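Student: I would like to go through this structure slowly, asking at each step how a label follows from a value. Could we start as soon as it is on the screen?

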Amino acid sequence: MPLTNIFAGTVSTITTLTTGSGATYTAPAGCKYLKVRMSGSGGGGCGGGAANPGAGGAGAAASFGPSGVQVTCNGGTGGSFTGATAAGGTVSNASSFTMLLSLQGGNGQSWTFENSNAQVYTAGNGGSNPFGGAGAGGGGGNTFGTIAGANGRSFGAGGGGGGGGADTNARFSGGGGGAGAYAEFIVLNPTTLALLYTVSNTGGTAGTANTGGSAGGAGAAGVIIIEEFYSN
């Protein structure tokens with residue numbers, strides 16, 4: 001069936017999956033095709049403070065499809081205090097179905113070194129993807145940074161890094177976590193397929209603070225949104 005015609009003369013229902021590991025999705029009777037949007041979960045933001053604050057935890061992958069050929073949206077990497085960028089997740093097996101959109105999650109920002117004399121470090125924001133915005137980084141400057149907010153409003157977004165402030169002890173701010181990868185695709189004749197899924201309702205853990213700093217923000221949960229289409 002040509003893609004230019006599959007949306008004509010149809011009605012739809014929506015199923016949202018937010019948790020499950022190797023679970024089975026069964027397409028409703030009469031369903032002709034599915035439009036699936038999905039994201040892995042975001043990485044957590046690193047904490048801030050004096051030497052070696054806690055790194056953010058990695059996000060988890062989300063997957064959907066028959067065993068062996070599932071489309072997988074990998075989770076984002078957790079933020080660090082080393083200045084390295086936290087990578088967004090990537091999509092695997094993108095050729096398994098008719099892919100409409102396949103995107104790497106946005107990278108988390110590393111901390112920014114603003115002034116060598118004042119030793120100012122500004123915390124990095126988390127990465128984002130098409131489901132929404134990222135967690136904000138905590139403040140830097142010559143006062144201790146504020147706690148970075150976890151972003152539970154946007155599926156797959158990365159958590160912001162924790163603020164470290166700055167003084168003669170060079171308290172570092174944390175880097176933001178990377179966002180989960182995003183995919184959007186069509187599954188034809190779904191009632192004939194054994195469709196498995198995995199998705200996490202939590203994101204990467206927030207990095208802990210060290211002396212003079214604040215914690216990072218947790219990454220946002222993954223999701224699988226399935227729009228089920230039927231003929232009129």
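Student: Why is Lys35 called partly exposed?

Tutor: In this predicted model, Lys35 has a relative accessible area of 22%. Buried would require a value under 20% and exposed a value over 50%, so with 22% Lys35 belongs to the class in between and is called partly exposed.

Student: And what makes Glu184 buried or exposed?

Tutor: Glu184 has a relative accessibility of 14%, and because the limit for buried is under 20%, Glu184 counts as buried.

Student: How do you know that the side chains of Lys35 and Glu184 meet in a salt bridge?

Tutor: The distance from N to O between the two side chains is 3.6 Å, and the definition asks for a side-chain nitrogen of Lys or Arg within 4 Å of a carboxyl oxygen of Asp or Glu, so the pair qualifies as a salt bridge. A search of the whole structure finds one salt bridge. Lys35 lies in strand β3 and Glu184 in strand β10, so this pair ties together parts that are 149 residues apart in sequence.

Student: What makes up the protein in terms of helices and strands?

Tutor: The protein has zero helices and twelve strands, and buried residues account for 50% of its 232 residues. Among contacts between residues at least 6 apart in sequence, 72% join residues at least 24 apart.

Student: Which strands form the open sheet, and in what order?

Tutor: The open sheet has five strands in the order β2-β11-β4-β5-β6, with antiparallel pairing. The strands β2 (20–25) and β6 (91–92) stand at its edges with a single partner strand each, so one side of each is left without a neighbour in the sheet.

Student: How do you know that β2 and β11 are paired?

Tutor: Pairing requires at least two bridges between the strands, and β2 shares four bridges with β11 (residues 195–199) in the antiparallel sense, so the two strands count as paired. Within this part of the sheet, Thr24 stands opposite Leu196 in β11.

Student: What makes β4 a partner of both β5 and β11?

Tutor: Three bridges in the antiparallel sense link β4 to β5, and three bridges also join β4 to β11, again with antiparallel strands. Since pairing asks for at least two bridges, β4 is paired with β5 and with β11. Phe64 shows both links, as it stands opposite Val71 in β5 and has Tyr197 as its bridge partner in β11. The strands β4 and β5 form a hairpin with five residues between them, and Gly68 in the turn has a positive phi of about 95 degrees.

Student: Are the faces of β4 covered or open, and which residues tell us?

Tutor: Both faces are covered, for Ala62 and Phe64 on one side and Ser63 and Gly65 on the other are all buried.

Student: Which residues have the most contacts inside the largest nonpolar core?

Tutor: That core has 23 residues, and those with the most contacts inside it are Leu34, Val36, Met38, Phe64, Phe185 and Ile224. The strands β3, β4, β5, β10, β11 and β12 (223–231) each supply at least two residues of this core. Ile224 touches residues that include Leu17, Val36, Met38, Phe64 and Tyr197. In soluble globular proteins, nonpolar side chains tend to be buried together.

Student: Why is Leu100 called partly exposed?

Tutor: Leu100, which is found in strand β7 (residues 98–103), has a relative accessibility of 40%, and because this value is neither under 20% nor over 50%, Leu100 counts as partly exposed. Together with Leu101 and Leu103, Leu100 makes a nonpolar surface patch of about 210 Å².

Student: What makes Ala194 exposed?

Tutor: Exposed means over 50% relative accessible area, and Ala194 reaches 58%, so it counts as exposed. Ala194 lies in the loop between β10 and β11, where Asn189 is also placed, and the phi of Asn189 is near 50 degrees, a positive value in a residue other than glycine.

Student: Which residues is Ala194 in contact with, leaving aside its neighbours within four places in sequence?

Tutor: Ala194 is in contact with Gly65, Pro66 and Ser67. Ala194 and Gly65 are 129 residues apart in sequence, yet their C-alpha atoms are 7.6 Å apart in space.

Methods
Residues are numbered from 1 along each chain as its sequence is written. This is a predicted model: local features need pLDDT of at least 70, side-chain atom pairs count only at pLDDT 80 or more; totals for chains, interfaces and linings use all residues. Side-chain values use heavy atoms; hydrogens and water are left out. A nonpolar core is a set of buried Ala, Val, Leu, Ile, Met, Phe, Trp, Tyr and Cys residues joined through side-chain atoms within 4.5 Å. Buried means under 20% relative accessible area, exposed over 50%, partly exposed in between (1.4 Å probe, protein chains only). Contact means heavy atoms within 4.5 Å. Patches are made of residues with over 30% relative accessible area and no salt bridge: like charges are joined within 9 Å, nonpolar side chains (Val, Leu, Ile, Met, Phe, Trp, Tyr) within 5 Å. Accessible areas come from the Shrake-Rupley method with a 1.4 Å probe; for residues, only the protein chains shown count as cover.
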